[in-house]
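Student: Before we start, I would like each label justified by the value behind it and the cut-off it is set against.

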Amino acid sequence: MILNREEASASLEWKCSQAFGERNPDEELQDVDIVSAIEFDKTGDYLAVGDRGGRVILFETVGGKNTPNQHISISELEKEMDFTSTSHPEYRYKTEFQSHEPEFDYLKSLEIEEKINRVRWCAAPNGSMFILSTNDKTIKLWKVRDQKVKKIKEMDHFPFVSSENTLLAEKNFMNEHNPPSFAHGYHLEWTENMATKVYPHAHDFNINSISNNSDCETFVSADDLRINLWNLEISDQCFNIVDMKPSNMDDLTEVITSAEFHPIYCNLLAYSSSRGFVRLVDMRQSALCDHSARILRDAAESHGSKSFFTEIIASISDIKFANDGQHLLSRDYMNLKLWDIRMDSTPVVTFKIHEHLRPKLCDLYNNDSIFDKFECSVSGDGLHFATGSYSNLLRIFSHGVGSAGGITVEAGKNENRKPILQAAPRARRSSLSNLTRGLYRQAHENSSSGHHELSYNLSSKLLHLAWHPTTNLIACANGNSLFFHYA
């Protein structure tokens, strides 16, 4: 059934279903545990989460992939089909790997953080999962696959065969890390991760975004002043397609903040800037695309009153295309804007995120909160939009009548929740992710609409989020905690 815009805006009631990595009240938040990137794959079966410790953590749906398990029993299959048809997706921890390590650039005397800035899923033609991850300087392509060890035959204790020979035959198909017990009596799985490609030394400034092309062969990486085009198979060469660096750096007026490929046409690329502009370029027109761009700008803001903070809050922190390819979502500090790429003078609609903070811009500037970069996300049907705010608030809007105020949900809030047991503070984790400490919640979460009259907690901010590609489920992160909300 297809909902129209009015029905879609009025029918969503958001609840929290799962939370991972929550801390005890007396537990100190480690900087390396803070989530810095979230991304669903195109099927929604998997979720990749990057953190400031350079790790990439993978989650999978509880029911697994859409491909059926050959060895599952009929009763289990019926239960699984009944669950998936009546409920929202649920996720469990799958694996994690160390994507980046801290480095030092001796030529520039610059320390390079291991923090993951972006993760992106790539097309997987043979069933393997490929993930692009990047820190400030280096992009890596990771291949993640399940390895299976099959038990060839169940050994019977034949009276003429000694127990030692039986034991040896049994262990021929196992290693020391795997116990001799097999799921469903057939096979055992574990996950192997390996970096198949490394794309280094192509950016003088910090990388802020990467985006896969719809041709499944190329991707772009963007820093403050340049955008490079890569082929996934070639790691030692890239092409510079946008260069905004002036001959004299004193003449610099804007920087690139985000870049995103068009979801349908592989020749179209959009990138945003710190001046509040979104440029749409056609890579077929010229080798260097920054001089033949169509600029999306809000004419009403350009003619409005100016202040010291006008240009700062106009900076776009994130852009996302809708699946239809005709609409684009942009997020600046105060607003979420929906654009029709055929209309370059005004957005289709502007959603106010935290307008009540406008009188406090001076305080926000003094404590650097005004430079926070909030991400945005679009639902698969293109009718709903989400972004984060302070006090751990998730703002959700719909493209319909009476939806300008949107819905405000406190991420992870559960009034019926049992108190967390006290535990001693833990040290920096080494390998096992903090996000493995999952918590499943019954769907009795509160949801609220309209404007929250709460005093805002600027230290608790919801910067990163992603929308499930096929259903109304949002994954969002605050600090080291990952929350799932569904409607």
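**Labels and their grounds**

Tutor: At 1% relative accessibility, Tyr91 counts as buried. This is a predicted model.

Student: Why is Tyr91 called buried?

Tutor: Buried means under 20% relative accessible area. Tyr91 has 1%, so the label applies.

Student: What makes the rings of Tyr91 and Phe484 a stacked pair?

Tutor: Two values are needed. Ring centres must lie within 6.5 Å, and planes under 30 degrees apart count as stacked. The centres of Tyr91 and Phe484 are 5.1 Å apart and the planes are at 10°, so both conditions hold. Phe484 is buried too, because its relative accessible area is 0%.

Student: Why is the pair of Tyr91 and Phe484 said to tie together parts of the chain?

Tutor: Tyr91 belongs to strand β5 (residues 91-98) and Phe484 to strand β32 (residues 481-486), so the pair joins parts that are 393 residues apart in sequence. Tyr91 and Phe484 also belong to one aromatic cluster, together with Phe20, Phe40, Phe59 and Tyr93.

Student: How many aromatic pairs are there by this rule?

Tutor: The count is 21 aromatic pairs. Among them is Tyr46 with Trp121, a tilted pair with 6.2 Å centre to centre and 35° between the planes.

Student: Why is the pair of Tyr46 and Trp121 called tilted?

Tutor: The distance of 6.2 Å is within 6.5 Å, so the rings of Tyr46 and Trp121 pair. The angle of 35° is neither under 30 degrees, as stacked requires, nor over 60, as edge-to-face requires, so the pair is tilted. Tyr46 is in strand β3 (residues 46-51) and Trp121 in strand β8 (residues 118-122), 75 residues apart. Both Tyr46 and Trp121 are buried.

Student: What makes Gln98 partly exposed?

Tutor: Partly exposed runs between the buried cut-off of 20% and the exposed cut-off of 50%. Gln98 has 29% relative accessibility, so it falls in between. Gln98 lies in strand β5.

Student: Which backbone oxygens does the side chain of Gln98 reach?

Tutor: The side chain of Gln98 reaches the backbone oxygen of Gly53 at 2.8 Å, and that of His100 at 2.8 Å. A polar contact needs N or O atoms within 3.5 Å, so these distances satisfy the cut-off. Not counting residues up to four places away in sequence, Gln98 touches Gly53, Gly54, Arg55 and Trp142. Gln98 and Val56 are 42 residues apart in sequence, with 6.5 Å from C-alpha to C-alpha.

Student: How do you know that Arg297 sits over the ring of Phe277?

Tutor: Arg297 lies over the face of Phe277, at 4.6 Å from the ring centre. The distance cut-off is 6 Å, so that value passes.

Student: Why does the structure hold 0 disulfides?

Tutor: A disulfide needs two cysteine sulfur atoms within 2.5 Å. The sulfur of Cys16 has its closest cysteine sulfur in Cys476 at 7.6 Å, so that is too far for a bond. For Cys216 the closest is in Cys122 at 8.9 Å, also too far. The count is 0 disulfides.

Student: Are Cys16 and Cys216 buried or partly exposed?

Tutor: Cys16 is buried, because its relative accessible area is 0%. Cys216 is partly exposed, because its value is 47% and exposed requires over 50%.

Student: What share of the protein chain is buried?

Tutor: Buried residues make up 49% of the 487 residues.

Technical notes:
Residues numbered from 1 in each chain as written. Predicted model: local features only at pLDDT ≥ 70, side-chain atom pairs only at ≥ 80, totals over all residues. Heavy atoms only, no water. Buried < 20%, exposed > 50% of the residue type's maximum accessible area, 1.4 Å probe, protein only. Phe/Tyr/Trp six-rings, centres within 6.5 Å; stacked < 30°, edge-to-face > 60°. Helix = DSSP H or I, 4+ residues; strand = E, 2+ residues; numbered from the N terminus. Lys NZ or Arg CZ within 6 Å of the ring centre and 35° of its normal. Contact = heavy atoms within 4.5 Å. Polar contact = N/O pair within 3.5 Å; in protein donor to acceptor, adjacent residues only side chain to side chain.
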